[in-house]
Amino acid sequence: MQHLPYRRLAGFYFFYFAYIGAFAPFFAIYLDGVGLSAAEIGTVMALPPVTRALAPYFWGWLADALGRRLGLVRATAVAGLVCWLGLFASTTFLWICAVVLAAGFFLSAALPMVEAVTLAHLGEHTGRYGTIRLWGSIGYIIAVVGVGYALDLFPARTVLWIATAALLGTLGFAWLVPDARQAPHAADQQPIAQVLKRPAVIALITACSLMAVAHGPYLTFYSIHLVDHGYSKGLAGWLWALGVICEIAVFLWLPRLNAVCTLRSILIASFALAAVRFLAIGWGADSLALLLLAQTLHAASFGSFHAAAIGIVYQFFRGRHQARGQAIYSSLTFGVGGTLGAIASGYAWEPLGAALTFTLAAFAALAGMVLLWWKLPTQEH
């Protein structure tokens, strides 16, 4: 903690999530603009989660084998940027799929390993994680607001240029972040497979995957949903930003909340509020007041959810298992869950409509809540 590289870690999170803020809310609008169907858009938007399902554990294993986490982050960031530039070459469905898949394979390496490095720098002071991670939220806000207004003035292709600039910033700070010494831990002698077989670990990963499934319609079609109901792209950007502003607030508040609530109770409450949020988005899109309320609940459906889940993952996977534990969490939650959510929302959107699609998302969040209540031990903090 005496040598915490706060600004360098904050810079990495800022630019990495600025890229996500340009890509996740607005890449679907770019795809719609180049003529892809809803099913094709859902398929393309499912590809980054596919890579997050398969690639992070491979990268985590390779980083452990080489003993150079940050070196691998830098190499994969360069490769991911080069692949991303391929989007400027063609707008055909298969080409876009190939480029997004390749870029996602490399770019999915960065976050889990930097998360592990951040937690290693923090040591036992993981309560400060939110004060570093909130810079990612700030980068996300600036990106979604900026891209939203940019798309009201410029062609949808602008998304590609802004995302490219954010990736260049990510690469720059990846070169500045120093690695952290991994302290030995008593769990080092325990096979990681033994940790994965624990019922509480299975329940946590499954429930978090269901939360990612629940976010599928939101991440894929929220901007299109708003535009279809007459809202401008600029307002859509502000609604995305409002959610992340509330996420920042909960990151700052979480140490105090954690002093009076267990991580388990915070996580369960996050799932319940996520269900309320998706029902409001699906059925209340004609009411700006309801949409504003729903976006404040992003503080729960992502903010407190992610911070609490990261804290519990850190307890389950210690010592030499930490990097791979974070990679497994990322792979199965945002990878498998995100893939299923994006694909399912793509195929449900047109036949079922927005309201029923978001209702199914709410049921996924409720299922995760029940599983955590049933299987996650009350003594986990």
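Is leucine 366 buried, partly exposed or exposed? Select leucine 366 to begin. Its relative accessibility is 33%, so leucine 366 counts as partly exposed. Buried would need under 20%, and exposed would need over 50%. Keep in mind that this is a predicted model.

**Stop 1: a patch on the surface**

Stay on leucine 366. It sits in helix α16. Now add Leu279, Trp283, Leu352, Leu356, Leu360 and Phe363 to the selection. Together with Leu366, these residues make a nonpolar surface patch of about 690 Å². Colour the patch by helix. Two elements give two or more residues to it: α12, residues 263-283, and α16, residues 354-375. Which element gives the largest share? Helix α16 does, with 4 residues.

**Stop 2: into the core**

Hide the surface and go inside. The largest nonpolar core has 124 residues. Select Phe27, Leu31, Trp84, Leu267 and Phe278. These are the residues with the most contacts inside that core. Next, show helix α1, which spans residues 6-33. Helix α1 gives the core its largest share, 15 residues.

Zoom in on leucine 267. You will find it in helix α12. Leucine 267 has 0% relative accessibility, so it counts as buried. What does leucine 267 touch, once its neighbours within four places in sequence are left aside? Its contacts are Leu204, Phe305, Ala308, Ala309, Ile312, Leu372 and Leu376. Show those side chains together. Then pick alanine 300. Its C-alpha lies 8.6 Å from that of leucine 267, while the two residues are 33 apart in sequence.

**Stop 3: alanine 207 and cysteine 208**

Select alanine 207. It belongs to helix α9, residues 199-214. Is alanine 207 buried or exposed? It counts as buried, because its relative accessibility is 0%. Leave out residues up to four places away in sequence, and alanine 207 touches Phe271, Gly368, Leu371 and Leu372. Now draw a line from its C-alpha to that of valine 370. The line spans 8.6 Å, although 163 residues separate the pair along the chain.

Now look for disulfides. How many does the structure hold? The structure holds 0. Check cysteine 97 for yourself: its nearest cysteine sulfur belongs to cysteine 83, 15 Å away, and cysteine 97 is in no disulfide. A pair would need sulfur atoms within 2.5 Å. Cysteine 97 has a relative accessible area of 13%, so it is buried. Cysteine 208 is in no disulfide either; the nearest cysteine sulfur, that of cysteine 261, is 18 Å away. Cysteine 208 counts as buried because its relative accessibility is 0%.

**Stop 4: a salt bridge**

Side chains of opposite charge can pair when their charged atoms come close. How many salt bridges does a search of the whole structure find? The search finds 1. Select glutamate 247 and arginine 133. They form a salt bridge, and their closest N and O atoms are 3.7 Å apart. The pair links distant parts of the chain, 114 residues apart. Glutamate 247 is in helix α11, residues 233-260, and arginine 133 is in helix α6, residues 129-153. Are these two residues buried or exposed? Both glutamate 247 and arginine 133 are buried.

**Stop 5: a loop and a helix**

Go to serine 108. It is found in the loop between α4, residues 93-107, and α5, residues 110-122. This loop residue has 5% relative accessibility, so serine 108 counts as buried. Show what serine 108 touches beyond four places in sequence: Thr51, Arg52, Ala55, Pro56 and Trp59.

Now select threonine 339. Its place is in helix α15, residues 322-352. Threonine 339 is buried, because its relative accessible area is 11%. Which residues does threonine 339 touch, not counting those up to four places away in sequence? They are Ala46, Pro49, Val50 and Phe334.

**Last stop: a long distance**

Finish on valine 195. It lies in helix α8, residues 192-196. At 2% relative accessibility, valine 195 counts as buried. Draw a line to isoleucine 141. From C-alpha to C-alpha, the two are 36 Å apart in space, and they are 54 residues apart in sequence.

Terms used:
Residues are numbered from 1 along each chain as its sequence is written. This is a predicted model: local features need pLDDT of at least 70, side-chain atom pairs count only at pLDDT 80 or more; totals for chains, interfaces and linings use all residues. Side-chain values use heavy atoms; hydrogens and water are left out. Patches are made of residues with over 30% relative accessible area and no salt bridge: like charges are joined within 9 Å, nonpolar side chains (Val, Leu, Ile, Met, Phe, Trp, Tyr) within 5 Å. Accessible areas come from the Shrake-Rupley method with a 1.4 Å probe; for residues, only the protein chains shown count as cover. A salt bridge is a side-chain nitrogen of Lys or Arg within 4 Å of a carboxyl oxygen of Asp or Glu. Buried means under 20% relative accessible area, exposed over 50%, partly exposed in between (1.4 Å probe, protein chains only). A nonpolar core is a set of buried Ala, Val, Leu, Ile, Met, Phe, Trp, Tyr and Cys residues joined through side-chain atoms within 4.5 Å. Contact means heavy atoms within 4.5 Å.
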